[in-house]
Number of protein chains: 2
Amino acid sequence: MTKAYDPLASVQAAGPPGTISFVYGLPDPVTFPADDLRLAFEKTFKEKASLALQYGPEQGYGPLIDYLREKMGRGESLKLERPQITLTSGAAQGLDHICTMLTRPGDPVIVEAPTYHESLKTFRDHGLHAAQIPIDEEGLIVGRLLPILEKLKKRGKRIGFLYLIPSFQNPSGITLSLQRRKAILDVCQAFDLPVVEDDVYCDLIYEGKPLPSLFSLDKKGLVLRLGSFSKIMAPGLRLGWMLASPPLVDVFIQSGLRNMGGGANPLIAIALDFYCRNGLLEPHIKSLQDHYRAKRDIMLRSLEESMPGRVHWTKPSGGFFIWVELPPPLRAADLTAKAKEEKLMFFAGDAFFAESPAGQYLRLAFSYVQPEKIQKGIEKLSRLIKRELLSR
Amino acid sequence: MTKAYDPLASVQAAGPPGTISFVYGLPDPVTFPADDLRLAFEKTFKEKASLALQYGPEQGYGPLIDYLREKMGRGESLKLERPQITLTSGAAQGLDHICTMLTRPGDPVIVEAPTYHESLKTFRDHGLHAAQIPIDEEGLIVGRLLPILEKLKKRGKRIGFLYLIPSFQNPSGITLSLQRRKAILDVCQAFDLPVVEDDVYCDLIYEGKPLPSLFSLDKKGLVLRLGSFSKIMAPGLRLGWMLASPPLVDVFIQSGLRNMGGGANPLIAIALDFYCRNGLLEPHIKSLQDHYRAKRDIMLRSLEESMPGRVHWTKPSGGFFIWVELPPPLRAADLTAKAKEEKLMFFAGDAFFAESPAGQYLRLAFSYVQPEKIQKGIEKLSRLIKRELLSR
C-alpha cells in the first residue's frame, strides 16, 4: 500500500525525466526569499514566540493586516479600514470559506468561461452549480450576464455569487477591462449579487498600470476580494487575505472555523509581518515582475517565431499563463496525449469550463519552467501542431 | 473605526487587570518549545527551502505523515497505512472540511451533551442540526443513541455523523469508557453512521493507560479521527491530522480546497518533521503531562478544600477542563456575571449544549492559568458560591 514518496508528484506533474512541462502555474522556486524568511522566523521565535505559537485573533494578526492596508494604500490608492480585511490560510481556504458561509448546495454561481478549474472543484464540493459566461479579449462579456441572472431569478433561484479572476486570468491571461468592471458592478448591484474577485495575480503586472479592482469600484459592499502571498512570496506559507465590507468580514471572523482554530497561521503571519515591515516585500514584487516578464517574453517570442499562422494565443500583461487556441480540426485532448509521448506537457483547456468545454484550447504556464526550456518546449509544440495539421 | 490592537483580546478573555480567568483552554505558553522550533525552522530554510515554500502534496508532507504513523504505532500500538492519514491545518479545519465533504445542510448530527461549543458553531455554519445525547461519568449514554437514530431514520433523515470527544472531553473532562466505545461502534455499524472522533487531548493523559481510540476499534471504516499539534506543541502552528479509511481520506485529498491550496502548511510540516525526528516530541509530551497534571491537581485539591458539600465536579485524568455542577437553585449564568464583578472569570456551561442547556454547569480550564492563581481563583469561586447559597 505504501509507495515511494515523491513530495512534488501531485503538484508538479513533471512527467518522465527530460519532460518539459507547461502544466502547472507554480511560482518559480528560485524566486523564494528563503534567507530573508529564515531571518524573519528567527526574529519571530526570539521576540514573539508566545504570541506566534498561541491561538491568534480570529481576524488575523493585526500588524500584518495594517501592513497590507498600508501596502494597498501605496500601490492602489485603496483606503482600507481594518474591519474590511481578514487573513486567510491562502486564497483556497478563503474561497472554500466563502462557499460555506454565503451559499447553500443547489445555489447557482456564475463563472467565466474559461475559469480556474480548481475553483470549479471547490464549487462542486459545496454542491454549487456553476453557470458559465464566455470571455473575450476584454474579459467577461457583460451582455450575457443580465439574461442569465433574469433566467435564474425567474426560476426562483438564489444565486450564490459571480466569481471573477479579473487580473491576468487563470487560465486565459486576460484582464477584465475597466469599462467591463464598471458595467459588471452595475448589473450586480441591480441584482444584489455578491462578487468574488479572485485577485491573486494582481501584483504580477509586467507592463502598464494596474486597473482599479472591482472591490475598489464597488459602492454597495458586494465584492469579496481574495489576495494571497502564494504568488508574490511562497505558496508553502499558506497565507492570504480577504477584503469585504465590515459586516461580511465579520461573518468570517465569527465563524466556527475561526472561533475554533483562531486566525490564519499566527506564526507565519508574525514572521511575514517582520519581513514586510523590513521593507522587503515591495522590492521583491518588483524583482518578480522582472523575472516573470522575461519568461513571458521568451514564451511569446517563441510562439511568434515558431507557430503556424492559424494558431492564436493571448498576450497577457501579467500573471503566469498564456491561452492558446488551436485551429480546427485539432482537439486539445488529442494533442495533449500526443505531446506526452514526446515528453512535452501542457494543460488541455477543457477542465477550465464549467459547462460544454470548447475543446480547442491549451493552457501554457510559463512561471515554473526554466527559461532555456521554454523556447525548446514551444518549438516542440509548434512542430507537433504543424505535423498534426498536415496529417489531417 | 480602528482601535488599539490587542492581539490576544479575542482568545484570552483576560478581563481587567488582576482578573483570574478559567475561561479558555489555551495551552500554557511557558510550555512552547520555542528554541527547538527555531532550530527546526532554521534547518528547514537551510536544507529544504524550495520544498517547504512551494505548494505541497495534497495529502500533506509524507515524512511527517510517516512519523505520525510511527508515533501512533509506538504509543497506541496502532498500525496505520499511509493512505489512512492526511494532514490538516488543525483539527478546526479538519472538522470544517468533514462537514463540507460529508454532509449537506439540513442533515442532523448527533453530539454529546455537553460538547465543545465551537464545534456546534461549525455545525451551524454548515446548516447541520445537532441533536444531543447526555453523558454520564462513563461518557455518552449509549442507550439513548438507538432511539434517536431510529426516530431520524423513520423521518427519512440522512444523518451526517456522530461527533464525539472521547478523551478528557471538552468541556466535561470525562473519558468515554472502553465498553461504551465498543457499544457505540456496534450501533453505528448497524446504521452505517460515520463517527467523527475529535481526539486532540488523547496525549495529555495524567494517569492510567490510554484507551484504544474508536478509530482503532472500528472494523468498518466509519470513524474519522482528528488529531492536532495544537495541544501537544503549539496552536500557532496550525497543523493537525485526520485518520480515516483510505477511500475517505481520498475524498479530502481530492477536494477543491486541497487541489487548489496543496496540502496543509508545507513549511510548518517540514519544520515539525525535523523537530519530531530529532526525538523531541515524545519527551515534550511527557513534560506536558507533568506540567498539566500538576495544574489539575492544584485545582482539584483547591476544589476539595474550599467548595461547599453540595457542589460536584469531575476528576479528569487528562486534558484541560473540570466541569462543575452547581446545586439548585444556583444558575451558572448568574454566577458568571457576579464573578466577573469580582475579577473572576469562567465559562457558564450553557454554550456547550446543542439543545436546552442544563443551566447549572461551569467549565473551568486549568491549562492556561498560572499555578498560584488557580488556588486563589477556586477559593474566590467557593466563597462566591457559599455566599450565593446563603442568600437564597
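Which two side chains meet in a salt bridge at 2.9 Å, N to O? In this predicted model, the pair is A:Asp290 and A:Arg293, and the first close-up starts there.

**View 1. A:Asp290 and A:Arg293 pair up within helix H13 of chain A.** The two residues sit three places apart, about one turn of the helix, and their side chains come together at 2.9 Å, N to O. A:Asp290 is partly exposed, with a relative accessible area of 46%. A:Arg293 also counts as partly exposed, at 24%.

**View 2. A:Glu207 and A:Arg296 form a salt bridge.** Here the closest N and O atoms are 2.7 Å apart. A:Glu207 lies in the loop between strand E7 (195–198) and helix H9 (214–217) of chain A, while A:Arg296 belongs to helix H13 (residues 281–306), so this pair ties together parts that are 89 residues apart in sequence. As for the surroundings, A:Arg296 is buried at 4% relative accessibility, whereas A:Glu207 is partly exposed at 41%.

**View 3. B:Lys46 and B:Glu42 meet in a salt bridge on chain B.** The N to O distance is 3.3 Å. Both residues are in helix H2 (residues 34–47) of chain B, and being four residues apart they are separated by about one helical turn. B:Lys46 is exposed, with 54% relative accessibility; B:Glu42 is partly exposed, at 22%.

**View 4. Four residues of chain A share a network of salt bridges.** The members are A:Glu76, A:Glu197, A:Asp199 and A:Arg225. For the wider count, a search of the whole structure turns up 40 salt bridges over all chains.

**View 5. Chain A meets chain B across about 6400 Å² of buried area.** Carbon and sulfur atoms give 65% of that area. Chain A puts 78 residues into the contact and chain B puts in 77. Looking for salt bridges between the two chains? The count is zero, but there are 19 residue pairs in polar contact (both at pLDDT 80 or more). On chain A, the helices that each supply at least two residues to the side touching chain B include H1 (9–12), H2 (34–47), H4 (62–76), H5 (91–102) and H12 (266–277). By class, that side of chain A has 39 nonpolar, 22 polar and 17 charged residues.

**View 6. A:Thr122 touches residues of both chains.** This threonine is in helix H6 of chain A and is buried, with a relative accessible area of 0%. Leaving out residues up to four places away in sequence, A:Thr122 touches A:Asp96 and A:Cys99 on its own chain, plus B:Gly256, B:Leu257 and B:Met260.

**View 7. A:Phe229 sits in the largest nonpolar core.** That core has 254 residues, and those with the most contacts inside it are A:Leu64, A:Phe229, B:Leu64 and B:Phe229. Setting aside neighbours within four places in sequence, the contacts of A:Phe229 include A:Leu64, A:Leu68, A:Trp241, A:Leu272, A:Cys276 and A:Leu281.

**View 8. A:Phe252 is buried in helix H10 (residues 246–253) of chain A.** Its relative accessible area is 2%. Beyond residues up to four places away in sequence, A:Phe252 touches A:His97, A:Ile98, A:Met101, A:Leu102, A:Leu224, A:Met242 and A:Arg258. A:Phe252 and A:Gly94 are 158 residues apart in sequence, yet 9.3 Å apart in space, C-alpha to C-alpha.

**View 9. B:Ser89 sits in a loop of chain B.** The loop runs between strand E2 (85–88) and helix H5 (91–102). With a relative accessible area of 17%, B:Ser89 is buried. Apart from neighbours within four places in sequence, B:Ser89 is in contact with B:Arg238, B:Leu239, B:Gly240, B:Arg258, B:Ala264 and B:Asn265.

**View 10. B:Tyr61 and B:Pro266 are 6.5 Å apart in space, C-alpha to C-alpha.** In sequence, 205 residues separate the two. B:Tyr61 is in the loop between helix H3 (49–52) and helix H4 (62–76) of chain B, and at 7% relative accessibility B:Tyr61 counts as buried.

Note on methods. Residues numbered from 1 in each chain as written. Chains lettered and ligands numbered in written order. Predicted model: local features only at pLDDT ≥ 70, side-chain atom pairs only at ≥ 80, totals over all residues. Heavy atoms only, no water. Core = buried A, V, L, I, M, F, W, Y, C linked by side-chain atoms within 4.5 Å. Buried < 20%, exposed > 50% of the residue type's maximum accessible area, 1.4 Å probe, protein only. Contact = heavy atoms within 4.5 Å. Buried area = accessible area lost by both parts, 1.4 Å probe. Polar contact = N/O pair within 3.5 Å; in protein donor to acceptor, adjacent residues only side chain to side chain. Nonpolar A, V, L, I, M, F, W, Y, C, P; charged D, E, K, R; others polar.
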